[in-house]
Amino acid sequence: MALLSEKCKWIPQVQIKSQKYATACPSIDIYNYHPYSGGGRIILALLLETGRIEPSEELREIVYKCTECGSCAVSCKFLNTLEPLEIIMKLREKLVELGGGPMPKQQEYIEAANKVNNPYNEPHEKRLAWLPKDIRLDPDAKVLYFVGCTSSYRRQEMAIAAARILKAAGIPFNILQDEEFCCGSPILRTGDVKTFKKFLNKNLDVIESKGIDTVIFSCAGCYDTFKVDYPLYREYTFRVLHTVEFFDELLDTGKLKLIKEIPITVTYHDPCHLGRNAERYKDWDGDIVNLMPLVSINIPPKPKRTGSNGIYEPPRNILKKIPGLKFVEMERIKEYAYCCGAGAGVKSAFPEFALQTAKIRIEEAEDTGADTLVSACPFCSTNLQDGIEESGANLKYYDISELILMSLGLEPEKLKEITKEVV
Amino acid sequence: MVLEKEILKKFQDIVGSKNVNDGEVITNAYSYNWCMEYVNYMEDKEPIPFSPIPKAVILPSSTEEVQEVVKLCNKYRIQFKAQSTGLGPWNQPSTENSIILDLRRMNKIIKIDDKNLYAVVEPYVSGAQLQVEAMKYDLTVHMPGAGPQVSPLASATSMNGPGFTSPHTGHSARNVLGVEWVLPNGEVLKLGSAGLKNHSDWYNGDGPGPSLRGIMRGWAGAKSGIGVFTKVAVKLFPYPCSTEFKLQGYSPNYNFDIPDFMRLYVMDCGSYKYLKKVILRIEEEEISFMCSHLSGYGLTAIFSHSVESMMDKMPIASLKTPLVVLIAARTKYEFNYKQKVMEILLDELNLKNIIGTKYTPNSIFYAEALRSNLGLHGFIVTGGFQSAKGQCDTVKTCLRTTKKSIPLKKKYIKKGVIGNDFGEGVWMTSYESGHYFHVESITLFDQTDEESVKGMGEFMEDNYQFDLVKHLGAPFFVEGDRMHNMFGPYMMNYHKWLRKIKKAFDPNEIADSGFYISAKSEN
């Protein structure tokens, strides 16, 4: 497949709505040299594979200054069959194998996860410190809320909101407490597959031993990792849902009722892990048939992961159901949304890059006229809020579950009090 | 070849240290480009997709910085190769003594003049970017077949530039107005009205005195071999229909709300002879937004998003000599008129439109037609293609080329080194409502298969000889000394004049001539 090297830098051409928001890739947008694009990184893989370059500090910097957001892959696969994101992930895996990766800061968090089961190096026993006293866990529940490291230690407001919404809907649920471990996402994204598999097995062993039907996640990263990456290494039978899917269902069935008006103008940021990357690989057991020299086809056609099966509508449905809330879209949305800048170990290894990317996204949000930016991922939350603070933007940020909670009738002020109290 | 530290420092002083990179990884990555492998093979080199590695990559942000970099290149006798959106081997250095000027930081739309119908852009504005901004004024821009992701500046100043919308938007050579040009010695030359002392503006490419547009680009451009173009004014055209552009669904299966006044016609002309009559007659009426001949095989590709999805389009694949006409209008009256004309023409020419009867394309086709994305469908079959030929001529010559080239192409198809399009795989479009025509022989090959790469190189080489022997015109990839020396003697010794131009503008050979012509005398 020809590597045209350019389409990956832009959102799908037919979706370009302005010069300002035409680009797809934070890495090439900020670092400019061609190898910082999806196509450029495929060239790096080719150079490494053919021995034209060796692992080096320069190579490592370029390979890891990528959020693995997958936007390049969506644009590429509009017409082609190249898999830029998969090649980038394999390139990292190769660098780890050759001793050329990951970045030192990423290695630090991997070691922390190995030691205390979370990349933040926080005590494992404090994983549940956020849990409000009035929330009751049900050890026999068929629904498990997998909180994730970031919501447990850094974005507790998301965990609190999720738990309170479940309570409001009368859903019996459980949390793994000291048996919940890092999902492995931040480790997998660095290319350290061996360590990742250790966490995958630990989590699946526990969940499968408890007879759980459904696991829900408020963290897009954990959700994507369970949904898309785990099955590549080990199959499981329980259902996985992000809280936006679960809460949308609860709203549809009337178990949750949004009654309180929230008179704000909101725009929604699609997290990469909940959007384009949350698309499962589909099994394909077909044949490659040579029709004629140089031309072969897959029979039946091999499914392409194009980003079209991400979770796009549930969060929008929820926002549109909140009384008084005005919803406006950014230019780059859904499968071609611009990344927040935090993913794949970038926030820890290259905080300045993460922040610059967040500021680009925040400007796009501001240009909609919205006063509030909403998303559904703790990584996006942290990075976008850092970006808002750094840029001085006149935007408020909420996780979508916080808005649900407010619209259920809990005053925002009260929410803040609760957050303070438990943190 | 490593850049001396002292020189590197001087480049850094001009553009800032982070905008110069001489690292092994960056420079090696810039040595890759699409189609480099068969170009290498044609030049008796290993058929790999890499050119010589540049000594450094430099990212200037302004004309002044480009000037300073070029002057420094002159001082130290280092060659430069400028690139913008960077598609194709023409962007590659031809010697180990070259640096690359990657112009991606020069990405501003300077001006859209909706009254006088032109826009002024820097090198790294893409066609799609300019188009969406022009659409805000109900205007559009010409984009080459290479697609909306490439630079209009590069196409207008340095490349060839036929496009699917050429009946309406012309040819890159004809659309270029004022130009800002950093000459190979670092001086700035402004062409046409952009260079006026008082009240300068960009509306005209020629001023008093001889036109320099021909010297700047001629037929197919100098591919940075005669300097660096830092700003260009290009013509804008009325957007052919409503600019409301609504897509629903997800990539790649978008549903497009087809504008009210658009209609597609695909007709089988049955023979090249009849196609000639039909295309001239239709274009005489000046109603088409697109008017292209593709082989049945090529036609299935522009309606498909994967090789598998081509398989259910046999009714169009079996058309013998298809012609695609897209009409579009901004008002009901205009649309009714165009439809009526087409009705009369179909009747007069005894043709049937298969659209809506034998075949109905997905709505995304119309979106891609409006956004000039159809050329990229050429990659879906074998993953790689390149065009042999590339004539700009009368319809008669274009079709003679097409017909006469079939046996040669079939020879290579039989060897199994290029894709089997029955030898008929061409794309032909009219320019400016049939005033002249363009044809190129789309040739499918596999860049990852060495035999296919070599076969493609040999096919290209044979094509050049064939074009000369059979008097089929000059292909658009006649570039570099060897090719110019081959074609020049058959064409009024133009290569001697071109060489004089190169010598006059670049006596020190600082602008990399690998895809242009060198100043040195012909041996």
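How many residue pairs are in polar contact across the interface of chain A and chain B? In this predicted model, the rule finds 20 such pairs, with both residues at pLDDT 80 or more. Salt bridges present another picture: across the interface of chain A and chain B, the rule finds zero. By class, the side of chain A that touches chain B is made up of 32 nonpolar, 13 polar and 14 charged residues.

The extent of the interface can be described by contacts and by area. On the chain A side, 59 residues are in contact with chain B, where 76 residues take part. Between them, the two chains bury about 5300 Å², and carbon and sulfur atoms account for 64% of this area. Gln19(A), Tyr33(A) and Leu294(A) supply 16% of the area that chain A buries against chain B, more than any other three residues. Both helices and strands of chain A contribute to this side: α1 (26-31), α2 (38-49), α3 (57-64), β6 (287-292) and β7 (295-299) each supply at least two residues of it.

Within chain B, Asn33(B) offers a local view worth a visit in the structure above. This residue sits in the loop that runs between α2 (24-29) and α3 (36-42) of chain B. Asn33(B) counts as buried because its relative accessibility is 4%, below the 20% cut-off. A polar atom of the Asn33(B) side chain lies 2.8 Å from the backbone oxygen of Gly88(B). Leaving aside residues up to four places away in sequence, Asn33(B) touches Gly88(B) together with Pro49(B), Gly86(B), Leu87(B), Pro89(B), Asn91(B) and Gln92(B).

Key. Residues are numbered from 1 along each chain as its sequence is written. Chains are lettered from A and ligands numbered from 1 in the order in which they are written. This is a predicted model: local features need pLDDT of at least 70, side-chain atom pairs count only at pLDDT 80 or more; totals for chains, interfaces and linings use all residues. Side-chain values use heavy atoms; hydrogens and water are left out. Contact means heavy atoms within 4.5 Å. Buried area is the accessible area (1.4 Å probe) that two parts lose on being put together, summed over both. A salt bridge is a side-chain nitrogen of Lys or Arg within 4 Å of a carboxyl oxygen of Asp or Glu. A polar contact is a pair of N or O atoms within 3.5 Å; within protein, one must be able to donate a hydrogen and the other to accept it, and residues adjacent in sequence count only if both atoms are side-chain atoms. Helices (H or I, at least four residues) and strands (E, at least two) are DSSP runs, numbered from the N terminus. Ala, Val, Leu, Ile, Met, Phe, Trp, Tyr, Cys and Pro count as nonpolar, Asp, Glu, Lys and Arg as charged, and the others, Gly among them, as polar. Buried means under 20% relative accessible area, exposed over 50%, partly exposed in between (1.4 Å probe, protein chains only).
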